[in-house]
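Reader: Hey, I've got this structure open and I'm a bit lost. Could you walk me through some of it?

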Amino acid sequence: MSIPFLKGHGTENDFVIVPDPDNALDLTPTAVTALCDRRSGIGADGVLHVVRSAAHPEAKGMAADAEWFMDYRNGDGSIAEMCGNGVRVFARYLQHAGHVTEGDLTVATRGGVKTVHIAKDGDVTVGMGSARLPEGDVTVSVGDRTWPARNVNMGNPHAVAFVEDLADAGDLYTPPPFSPPSAYPEGVNVEFVADRGPRHVAMRVHERGSGETRSCGTGACAVAVAAARRDGADPSVTGTPATYTVDVPGGRLVITERPDGEIEMTGPAVIVATGEIDTEWLENAVR
(Lines give C-alpha, C1' and ligand atoms only; values in the text may rest on other atoms or scores of the structure.)
Protein backbone atom coordinates (compact mmCIF):
# COMPACT_ATOMS: atom_id res chain seq x y z
CA MET A 1 0.00 0.00 0.00
CA SER A 2 1.06 3.59 -0.54
CA ILE A 3 -0.03 7.15 0.14
CA PRO A 4 0.04 9.69 -2.73
CA PHE A 5 2.07 12.85 -2.16
CA LEU A 6 3.39 15.84 -4.09
CA LYS A 7 6.38 18.09 -3.52
CA GLY A 8 6.12 21.84 -4.03
CA HIS A 9 7.73 25.11 -3.04
CA GLY A 10 7.09 28.84 -2.82
CA THR A 11 10.32 30.85 -3.17
CA GLU A 12 12.08 27.63 -2.09
CA ASN A 13 10.09 27.26 1.11
CA ASP A 14 9.32 23.60 0.36
CA PHE A 15 6.53 21.28 1.39
CA VAL A 16 5.37 17.69 1.22
CA ILE A 17 1.74 17.86 0.08
CA VAL A 18 -0.50 15.03 1.32
CA PRO A 19 -3.99 14.99 -0.25
CA ASP A 20 -6.48 13.53 2.23
CA PRO A 21 -9.93 14.97 1.43
CA ASP A 22 -11.78 12.86 4.03
CA ASN A 23 -9.20 13.36 6.81
CA ALA A 24 -8.60 9.61 6.93
CA LEU A 25 -4.86 9.72 7.65
CA ASP A 26 -3.38 9.98 11.12
CA LEU A 27 -0.44 12.29 10.49
CA THR A 28 1.28 12.13 13.86
CA PRO A 29 4.12 14.51 14.74
CA THR A 30 6.56 11.62 14.35
CA ALA A 31 5.22 10.84 10.88
CA VAL A 32 5.52 14.48 9.82
CA THR A 33 9.08 14.66 11.13
CA ALA A 34 9.97 11.49 9.21
CA LEU A 35 8.50 12.83 5.97
CA CYS A 36 10.33 16.15 6.32
CA ASP A 37 13.74 14.62 7.10
CA ARG A 38 16.04 15.60 4.24
CA ARG A 39 18.21 12.50 4.52
CA SER A 40 15.94 9.63 5.48
CA GLY A 41 12.61 11.03 4.26
CA ILE A 42 11.25 13.10 1.39
CA GLY A 43 12.60 16.35 2.81
CA ALA A 44 10.72 19.60 3.38
CA ASP A 45 10.20 22.57 5.69
CA GLY A 46 6.71 21.32 6.47
CA VAL A 47 3.70 19.26 5.44
CA LEU A 48 0.56 20.57 3.72
CA HIS A 49 -2.21 18.17 4.73
CA VAL A 50 -5.05 18.81 2.24
CA VAL A 51 -8.45 18.17 3.83
CA ARG A 52 -11.98 19.24 3.05
CA SER A 53 -13.00 21.72 5.73
CA ALA A 54 -16.18 19.81 6.52
CA ALA A 55 -14.12 16.70 7.35
CA HIS A 56 -11.77 18.33 9.87
CA PRO A 57 -12.91 19.19 13.41
CA GLU A 58 -10.82 22.38 13.48
CA ALA A 59 -12.24 23.62 10.17
CA LYS A 60 -15.90 22.62 10.19
CA GLY A 61 -16.88 26.12 11.25
CA MET A 62 -15.21 27.54 8.13
CA ALA A 63 -16.69 25.02 5.67
CA ALA A 64 -19.37 27.43 4.46
CA ASP A 65 -16.69 29.93 3.44
CA ALA A 66 -13.88 27.63 2.25
CA GLU A 67 -14.16 24.10 0.88
CA TRP A 68 -10.53 23.20 1.61
CA PHE A 69 -8.55 23.33 4.86
CA MET A 70 -4.76 23.68 4.99
CA ASP A 71 -3.80 21.52 7.98
CA TYR A 72 -0.21 22.79 8.15
CA ARG A 73 2.56 21.11 10.15
CA ASN A 74 6.09 22.38 10.76
CA GLY A 75 9.07 20.19 9.94
CA ASP A 76 9.40 19.15 13.60
CA GLY A 77 5.81 17.86 13.61
CA SER A 78 4.33 20.79 15.51
CA ILE A 79 1.14 22.49 14.35
CA ALA A 80 1.32 26.04 12.98
CA GLU A 81 -1.43 28.64 12.72
CA MET A 82 -0.50 29.83 9.24
CA CYS A 83 2.11 29.64 6.50
CA GLY A 84 1.97 32.25 3.75
CA ASN A 85 4.14 30.39 1.26
CA GLY A 86 2.24 27.24 2.17
CA VAL A 87 -1.10 28.82 1.22
CA ARG A 88 0.24 29.72 -2.23
CA VAL A 89 1.54 26.18 -2.78
CA PHE A 90 -1.70 24.77 -1.37
CA ALA A 91 -3.65 26.80 -3.93
CA ARG A 92 -1.33 25.67 -6.71
CA TYR A 93 -1.98 22.05 -5.68
CA LEU A 94 -5.75 22.60 -5.82
CA GLN A 95 -5.30 23.97 -9.35
CA HIS A 96 -2.97 21.10 -10.29
CA ALA A 97 -5.54 18.56 -9.06
CA GLY A 98 -8.39 20.22 -10.96
CA HIS A 99 -10.28 21.35 -7.86
CA VAL A 100 -10.00 25.03 -8.84
CA THR A 101 -9.01 27.11 -11.87
CA GLU A 102 -7.34 30.47 -12.38
CA GLY A 103 -9.01 33.28 -10.49
CA ASP A 104 -10.25 33.66 -6.93
CA LEU A 105 -10.71 31.05 -4.22
CA THR A 106 -10.70 30.74 -0.44
CA VAL A 107 -8.60 28.49 1.82
CA ALA A 108 -9.35 27.70 5.46
CA THR A 109 -6.39 27.83 7.86
CA ARG A 110 -5.93 27.90 11.61
CA GLY A 111 -5.33 31.61 11.11
CA GLY A 112 -8.76 32.03 9.52
CA VAL A 113 -10.10 31.95 5.96
CA LYS A 114 -7.64 33.36 3.41
CA THR A 115 -8.56 34.77 0.00
CA VAL A 116 -6.34 33.68 -2.88
CA HIS A 117 -5.98 34.75 -6.50
CA ILE A 118 -4.23 32.54 -9.05
CA ALA A 119 -3.02 34.75 -11.90
CA LYS A 120 -2.53 33.72 -15.52
CA ASP A 121 1.18 34.53 -15.27
CA GLY A 122 1.58 31.87 -12.59
CA ASP A 123 1.97 34.09 -9.54
CA VAL A 124 -0.37 33.57 -6.60
CA THR A 125 -1.64 36.40 -4.39
CA VAL A 126 -2.85 35.68 -0.88
CA GLY A 127 -4.89 38.00 1.30
CA MET A 128 -3.03 37.57 4.56
CA GLY A 129 -5.38 39.55 6.77
CA SER A 130 -4.13 42.38 8.94
CA ALA A 131 -1.17 42.58 11.28
CA ARG A 132 -1.38 43.07 15.02
CA LEU A 133 1.39 45.03 16.70
CA PRO A 134 1.50 44.02 20.36
CA GLU A 135 2.88 46.69 22.64
CA GLY A 136 6.07 46.31 24.66
CA ASP A 137 9.79 46.33 23.89
CA VAL A 138 11.31 43.15 22.46
CA THR A 139 14.93 42.26 21.73
CA VAL A 140 16.58 39.38 19.88
CA SER A 141 20.18 38.24 20.22
CA VAL A 142 22.88 36.40 18.29
CA GLY A 143 25.99 35.64 20.29
CA ASP A 144 27.03 38.77 22.17
CA ARG A 145 24.94 41.12 20.00
CA THR A 146 21.39 42.27 20.72
CA TRP A 147 18.95 44.25 18.57
CA PRO A 148 15.56 45.82 19.25
CA ALA A 149 12.81 43.99 17.38
CA ARG A 150 9.30 44.88 16.25
CA ASN A 151 6.66 42.50 17.58
CA VAL A 152 4.31 41.69 14.68
CA ASN A 153 1.59 39.05 14.71
CA MET A 154 0.34 37.72 11.37
CA GLY A 155 -1.78 34.98 12.90
CA ASN A 156 1.56 33.64 14.09
CA PRO A 157 4.21 35.55 16.06
CA HIS A 158 7.21 37.38 14.57
CA ALA A 159 10.11 39.41 15.90
CA VAL A 160 11.60 41.66 13.19
CA ALA A 161 15.11 43.05 13.73
CA PHE A 162 16.83 45.48 11.35
CA VAL A 163 20.56 44.81 10.92
CA GLU A 164 23.42 46.22 8.85
CA ASP A 165 24.34 42.87 7.29
CA LEU A 166 22.30 39.67 7.00
CA ALA A 167 25.39 37.75 8.12
CA ASP A 168 24.77 39.31 11.55
CA ALA A 169 22.03 36.69 11.98
CA GLY A 170 24.60 33.91 12.36
CA ASP A 171 23.80 30.37 11.29
CA LEU A 172 20.15 30.41 12.51
CA TYR A 173 20.33 26.67 13.23
CA THR A 174 18.91 27.28 16.68
CA PRO A 175 16.24 29.79 17.78
CA PRO A 176 17.76 33.23 18.46
CA PRO A 177 17.20 34.16 22.11
CA PHE A 178 14.59 36.84 22.73
CA SER A 179 13.51 38.97 25.64
CA PRO A 180 11.26 39.20 27.54
CA PRO A 181 10.20 35.53 27.55
CA SER A 182 6.60 36.59 28.18
CA ALA A 183 6.44 38.23 24.72
CA TYR A 184 6.36 34.85 22.97
CA PRO A 185 5.29 32.10 25.35
CA GLU A 186 5.05 29.56 22.51
CA GLY A 187 8.18 30.64 20.63
CA VAL A 188 8.58 33.02 17.71
CA ASN A 189 9.66 33.36 14.09
CA VAL A 190 12.65 35.74 13.98
CA GLU A 191 13.41 37.86 10.90
CA PHE A 192 16.70 39.71 10.36
CA VAL A 193 16.31 42.49 7.79
CA ALA A 194 18.74 44.63 5.77
CA ASP A 195 17.86 47.51 3.45
CA ARG A 196 18.44 47.15 -0.30
CA GLY A 197 16.82 50.36 -1.58
CA PRO A 198 13.65 52.46 -1.30
CA ARG A 199 10.90 50.13 -0.08
CA HIS A 200 13.16 47.18 -0.89
CA VAL A 201 14.58 44.94 1.84
CA ALA A 202 16.19 41.52 2.18
CA MET A 203 15.64 39.09 5.03
CA ARG A 204 16.72 35.85 6.63
CA VAL A 205 14.46 33.98 8.99
CA HIS A 206 14.48 31.37 11.70
CA GLU A 207 11.06 29.73 11.51
CA ARG A 208 9.74 28.35 14.75
CA GLY A 209 9.79 24.56 14.48
CA SER A 210 11.74 24.47 11.19
CA GLY A 211 15.02 26.38 11.66
CA GLU A 212 16.31 28.68 8.92
CA THR A 213 14.17 28.40 5.79
CA ARG A 214 14.65 29.77 2.30
CA SER A 215 11.52 31.87 2.63
CA CYS A 216 8.67 32.69 5.02
CA GLY A 217 5.50 34.30 3.71
CA THR A 218 4.06 35.52 6.99
CA GLY A 219 7.58 36.65 7.88
CA ALA A 220 7.85 38.72 4.70
CA CYS A 221 4.51 40.36 5.57
CA ALA A 222 5.71 41.08 9.11
CA VAL A 223 8.92 42.56 7.69
CA ALA A 224 7.00 44.83 5.30
CA VAL A 225 4.75 46.06 8.13
CA ALA A 226 7.73 46.71 10.40
CA ALA A 227 9.59 48.53 7.61
CA ALA A 228 6.57 50.69 6.80
CA ARG A 229 6.22 51.74 10.45
CA ARG A 230 9.94 52.50 10.63
CA ASP A 231 9.76 54.52 7.41
CA GLY A 232 6.67 56.51 8.40
CA ALA A 233 4.63 54.82 5.68
CA ASP A 234 1.80 53.42 7.81
CA PRO A 235 -1.11 53.15 5.33
CA SER A 236 -3.69 53.71 8.06
CA VAL A 237 -2.09 57.12 8.64
CA THR A 238 -1.10 58.12 5.09
CA GLY A 239 -4.26 56.76 3.45
CA THR A 240 -2.26 55.17 0.62
CA PRO A 241 -1.11 51.56 0.18
CA ALA A 242 2.49 50.70 1.05
CA THR A 243 4.23 48.16 -1.18
CA TYR A 244 7.57 46.59 -0.29
CA THR A 245 9.72 44.20 -2.26
CA VAL A 246 11.13 41.57 0.08
CA ASP A 247 14.05 39.45 -1.08
CA VAL A 248 14.38 36.07 0.61
CA PRO A 249 17.13 33.50 0.02
CA GLY A 250 14.76 31.56 -2.24
CA GLY A 251 13.47 34.42 -4.38
CA ARG A 252 11.33 37.53 -4.14
CA LEU A 253 7.94 38.42 -2.68
CA VAL A 254 5.90 41.59 -3.11
CA ILE A 255 3.91 42.71 -0.08
CA THR A 256 1.23 45.42 -0.12
CA GLU A 257 -0.48 46.76 2.99
CA ARG A 258 -3.69 48.70 2.34
CA PRO A 259 -5.19 51.55 4.38
CA ASP A 260 -7.84 49.20 5.79
CA GLY A 261 -5.06 46.98 7.16
CA GLU A 262 -5.41 44.13 4.65
CA ILE A 263 -2.06 42.71 3.54
CA GLU A 264 -1.55 41.01 0.19
CA MET A 265 1.42 38.81 -0.65
CA THR A 266 2.32 37.92 -4.24
CA GLY A 267 4.86 35.37 -5.37
CA PRO A 268 5.45 32.11 -7.24
CA ALA A 269 4.22 28.64 -6.29
CA VAL A 270 5.49 25.50 -7.99
CA ILE A 271 4.63 21.79 -7.98
CA VAL A 272 7.87 19.93 -8.71
CA ALA A 273 7.05 16.24 -8.28
CA THR A 274 4.41 13.62 -7.52
CA GLY A 275 4.95 10.23 -5.95
CA GLU A 276 3.85 7.67 -3.39
CA ILE A 277 4.83 7.22 0.23
CA ASP A 278 5.56 3.58 1.08
CA THR A 279 3.33 2.82 4.06
CA GLU A 280 5.67 0.12 5.37
CA TRP A 281 8.51 2.67 5.46
CA LEU A 282 6.28 5.20 7.20
CA GLU A 283 5.10 2.68 9.80
CA ASN A 284 8.72 1.72 10.56
CA ALA A 285 9.75 5.37 10.70
CA VAL A 286 7.21 6.23 13.38
CA ARG A 287 7.97 3.30 15.69
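Author: Sure. Let's start with Thr-139, whose bridge partner in β9 is Pro-148. Keep in mind that this is a predicted model, where local features need pLDDT of at least 70, side-chain atom pairs count only at pLDDT 80 or more, and totals for chains, interfaces and linings use all residues. Residues are numbered from 1 along each chain as its sequence is written, and side-chain values use heavy atoms, with hydrogens and water left out.

Reader: Ok, and how many bridges join β8 to β9?

Author: Five, between β8 (residues 138-142) and β9 (residues 145-153), and the two strands run antiparallel. Strands here are DSSP runs of E with at least two residues, helices are runs of H or I with at least four, and both are numbered from the N terminus. Two strands pair if DSSP finds at least two bridges between them.

Reader: What's in the hairpin between them?

Author: Two residues sit between the strands, and Gly-143 in that hairpin takes a positive phi near 60°.

Reader: Which residue in β11 is the partner of Thr-139?

Author: Ser-179. Two bridges join β8 to β11 (residues 178-179), again antiparallel.

Reader: New topic: helices. Why is α3 called largely enclosed?

Author: Because 12 of its 14 residues are buried, α3 is largely enclosed by the rest of the structure. Buried means under 20% relative accessible area, exposed is over 50% and partly exposed is in between, with a 1.4 Å probe and protein chains only. Among the buried ones are Gly-217, Cys-221 and Val-225.

Reader: And what comes just after α3?

Author: Gly-232, with a positive phi of about 70°.

Reader: How many cavities are there?

Author: One of 30 Å³ or more. On a 1 Å grid over the protein atoms alone, a cavity is a set of points where a 1.4 Å probe fits but cannot get out; a pocket is an open set with protein on both sides within 12 Å along at least five of seven lines, and lining residues have an atom within 4 Å of a point. The largest cavity has a volume of about 90 Å³, and of its 14 lining residues, those closest to its centre are Asn-74, Met-82, Asn-156, Asn-189 and Glu-207. β4 (68-74) and α3 (217-230) each give two or more residues to that lining.

Reader: What about the largest pocket, how much space is in it?

Author: About 170 Å³. Its lining includes Ile-3, Asp-26 and Leu-282, and helix α5 (residues 279-285) gives the largest share, three residues.

Technical notes. Grid points are joined across faces, edges and corners, and a volume is the space filled by probe spheres set on the points.
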